[in-house]
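Student: Please pick a single part of this structure and take me through it closely. I would like one connected account rather than a list.

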Amino acid sequence: SALALVALGSYAQEKQITLGFAQVGAESAWRTANTVSVKQAAKDAGINLKFSDAQQKQENQIKAIRSYIAQKVDVIAFSPVVESGWEPVLTEAKNAHIPVILTDRSIDVKDPSLYVTMIGSDFLEEGRRAGRWLEEHYKNDPGPINIAELQGTVGSAPANDRHSGLMEIIKNDPKFKIIASQSGDFTLAGGKQVMEAFAKTYGKQINVVYAHNDDMALGAIQAMEEAGMKPGKDVNVVSFDATKGGFEAMIAGKINVDVECSPLLGPQLMTAVKDVVAGKQLPKRIVTNETVFPMSVAAQVLPQRKY
Ligand code: GYE
């Protein structure tokens, strides 16, 4: 009867959505802020969140996604540790008719129907922004400008793209040279350890430290200071994320420029989850709004920073 249909309709509307979220880990201040944002936004949206932490291992994320499939969650979202190797598990989700939303990091798959949308930053553009800052900063310097690069997690989208974005800008200017490049896995300890080795091998030859995130930049600053180098003065430190820790280092004169990357993706993600459950069509790519903060504005901007 019509009445039963109306009752059924309102029941369907009120049914709580269950979201399975497979997080990368807890490697950085960025990640911690991202986790808080996702959990808070789920609460605010009345979404039942199942949350797992992969400790930066793809195999753990794959296990978590499989368990969400087995539990028949309504939507799966995850921030992929690395770009490659996702076809099998995403095909399983597709066969189970569970929509998948990517947040933060992108993946490399041939079949775009394996996910609904990707919400997050344009890491390639972030790398270009850093490169443009370097070009501007050194425009009257004949060089050579020797860059030591602290890469993020090997195979991750932000590490790949922050490297490529920089290269795009500096490749036609031979005065810029990447003299050393190694992964510090996006952690403070990793950045410190790699920088200790760089300082020993290259010492005063290094003009720029290009750190793929603030945590590694902060670790590198410690290593440089222990090696008697002056970060922010005789070595220009370029970093990403623009966390409070990054801002404090800029105010202390130790990070020269911080390229913003927002972890506050929770609200956008929950909107996308609701839309997908409601059968709405979503854009394939939802890009986060971001900017660049040079050291000179840090003290003024810090009070408004949310992560
Ligand atoms: O820059 C870094 C974190 O994927 C954008 O991961 C994220 C990166 C972020 O560990 O701090």
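**A close look at helix α6**

Tutor: The buried residues of α6 pack against the helix α5 (123-137) and the strands β6, β7, β8 and β9. Keep in mind that this is a predicted model. Helix α6 covers residues 157-170. With 14 residues at 1.5 Å a residue, it should span 20 Å, and its end C-alpha atoms are 20 Å apart, so the expected span and the model agree. Of those 14 residues, 10 are buried, which means that α6 is largely enclosed by the rest of the structure. The buried set includes Ala 157, Pro 158 and Ala 159 at the start of the list, and Leu 166 and Ile 170 at its end. Asp 161, Arg 162 and His 163 are among the buried residues too.

Pro 158 has a second role in this picture: it is one of the residues around the ligand, as are Phe 240 and Asp 241. Strand β9 (236-241) gives two or more residues to that shell, and so does α2 (29-45). By class, the shell holds 5 nonpolar, 2 polar and 5 charged residues.

Now compare the neighbours of another helix, α7 (residues 188-202). Its buried residues pack against β6 (145-151), β7 (176-183) and β8 (208-211), and also against α8 (214-226). Among these buried residues of α7 are Leu 188, Val 194, Met 195 and Phe 198. Just after α7, Gly 203 takes a positive phi of about 40°.

Finally, the UniProt record, in an unreviewed entry, lists residues 25-280 as "domain: Periplasmic binding protein". Over residues 25-280, the chain is 45% helix and 18% strand.

Note on methods. Residues numbered from 1 in each chain as written. Predicted model: local features only at pLDDT ≥ 70, side-chain atom pairs only at ≥ 80, totals over all residues. UniProt positions renumbered as here; feature names shortened; annotations may be inferred. Helix = DSSP H or I, 4+ residues; strand = E, 2+ residues; numbered from the N terminus. Near = placed C-beta within 6 Å. Nonpolar A, V, L, I, M, F, W, Y, C, P; charged D, E, K, R; others polar. Expected span 1.5 Å × (residues − 1). Buried ≥ 20, exposed ≤ 12 C-beta atoms within 10 Å, placed from the backbone. Contact = placed C-beta atoms within 7 Å.
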